[in-house]
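Subject: Structure handover and notes

Dear colleague,

I am passing on the structure we discussed. Please find it below, followed by notes on what turned up in it.

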Amino acid sequence: MHALYVASVFVHILAAMTWLGGMFFLVLVVVPWLRGSGGVDAAKFLRETGMRFRDVGWACFVLLVVTGTFNLYVRGVRLGDFTDETWLASDYGRVIVAKLGLFVLVLVNSAVHDFVIGPRATTAIALSPTSSASAALRKKASMLCRMNVVFGLVIVLLAVFIVRGVP
C-alpha cells in the first residue's frame, strides 16, 4: 500500500506541476510574445495553444481529483471528517478544506475560461483584434488565468502545510 501511496503522491505532484507550469508558460511567455509579434496570427496561435493546453489541463484535473482523493484516504481523512467539528477546527482540517475549496474555485474558473470566455475572446480577436469587445473579453480571459495562477500557488502552499504543518 505504501508503494501505491508514493506513486499516487508522485502523479499528484506531476499533474500539479504540469498544470501550474503550463499556466506560467502561457501567462509569462506565450501571451507577452504574442503581444509583441507583428507577423504572427495571434488569435489563431492563442486559440490553438489554448485548445491543446485545455486538454492537458483537464487531464491534470482528473488526475488531481483521483490521486488527491486516494492520498487523503491513505492519510486517514474520511467523508465524515468534513462534518466533524473537532476535525474542522484543527489546523489540518482547516488546511485541507481550504485547499479543496480553492481547487473547486480553480475548476469553476477554468471551466468559465476554457468553455465560455476564452473561446469568445479568441473569436472576437480573430474578427476584430482592436475592437473594444475583443479587448474586454481578452481582459476577462487574462484575469481568469491570473486568478488561477494565484489560486494554484496558494494550493501549493497549503499542500506544504498539510505535509509539514502550519507554521
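Leucine 153 is a convenient place to begin: at a relative accessible area of 43%, this residue is partly exposed. Leucine 153 sits in helix α5. Beyond its neighbours within four places in sequence, leucine 153 is in contact with Leu20 and Phe24. Leucine 153 and leucine 20 are 133 residues apart along the chain, and their C-alpha atoms are separated by 8.1 Å. Please keep in mind throughout that this is a predicted model.

Overall layout

The protein has five helices and zero strands, so the order of elements from the N terminus reads α-α-α-α-α. The C-alpha trace spans about 55 × 30 × 25 Å along its principal axes. Of the 167 residues, 34% count as buried. Among contacts with a separation of 6 or more, 71% are between residues 24 or more positions apart.

Helix α4 and histidine 113

Helix α4 covers residues 91–127, and histidine 113 lies in it. The helix has 37 residues and reaches 51 Å from its first C-alpha to its last, close to the 54 Å expected at 1.5 Å a residue. Where does α4 bend, and by how much? The bend is at histidine 113 and amounts to about 40 degrees. Histidine 113 is buried, because its relative accessible area is 17% and the cut-off for buried is under 20%. Not counting residues up to four places away in sequence, histidine 113 touches Gly118, Pro119, Ala141, Leu144 and Cys145.

One of those partners, alanine 141, lies in helix α5. Alanine 141 counts as buried, at 10% relative accessibility. Apart from its neighbours within four places in sequence, alanine 141 is in contact with His113, Ile117 and Ala121. The C-alpha atoms of alanine 141 and glycine 118 are separated by 5.7 Å, with their positions 23 residues apart along the chain counted as the distance apart.

The salt bridge

The structure holds one salt bridge. Which side chains form the salt bridge? They are those of aspartate 91 and arginine 94, at 2.6 Å from N to O. Both residues lie in α4, three residues apart, which is about one turn of the helix. An α-helix has 3.6 residues a turn, so residues three or four places apart point the same way. Neither end of the pair counts as buried: aspartate 91 is partly exposed at 40% relative accessibility, and arginine 94 is partly exposed at 45%.

Nonpolar cores

The largest nonpolar core has 26 residues, of which Trp19, Met23, Phe61, Ile96 and Val106 touch the most other members. At least two residues of this core come from each of α1 (2–36), α2 (42–74), α4 and α5 (132–164). A second, separate core has six residues, including Ile117, Ala121, Ala124 and Leu144. In soluble globular proteins, nonpolar side chains tend to be buried together.

Methionine 23, when its neighbours within four places in sequence are left aside, is in contact with Phe53, Cys145, Asn148 and Val149.

Helix α2

Helix α2 has 33 residues and reaches 46 Å from its first C-alpha to its last, close to the 48 Å expected at 1.5 Å a residue. Its buried residues include Phe53, Arg54, Cys60, Phe61 and Asn71. What covers the buried residues of α2? The cover includes α1 and α4. Just after α2, glycine 76 takes a positive phi of about 95 degrees.

Cysteines

The count of disulfides comes to zero. Cysteine 60 is in no disulfide, and the nearest cysteine sulfur to its own is that of cysteine 145, 15 Å away. Why is cysteine 145 without a bond to cysteine 60? The two sulfurs are 15 Å apart, too far for a bond, because a disulfide needs them within 2.5 Å. Both residues are buried: cysteine 60 has a relative accessible area of 5%, and cysteine 145 has one of 17%.

Regards

Notes. Residues numbered from 1 in each chain as written. Predicted model: local features only at pLDDT ≥ 70, side-chain atom pairs only at ≥ 80, totals over all residues. Heavy atoms only, no water. Helix = DSSP H or I, 4+ residues; strand = E, 2+ residues; numbered from the N terminus. Buried < 20%, exposed > 50% of the residue type's maximum accessible area, 1.4 Å probe, protein only. Contact = heavy atoms within 4.5 Å. Expected span 1.5 Å × (residues − 1). Bend = angle between axes of the 7 residues up to and from the residue. Core = buried A, V, L, I, M, F, W, Y, C linked by side-chain atoms within 4.5 Å. Salt bridge = Lys/Arg side-chain N within 4 Å of Asp/Glu carboxyl O.
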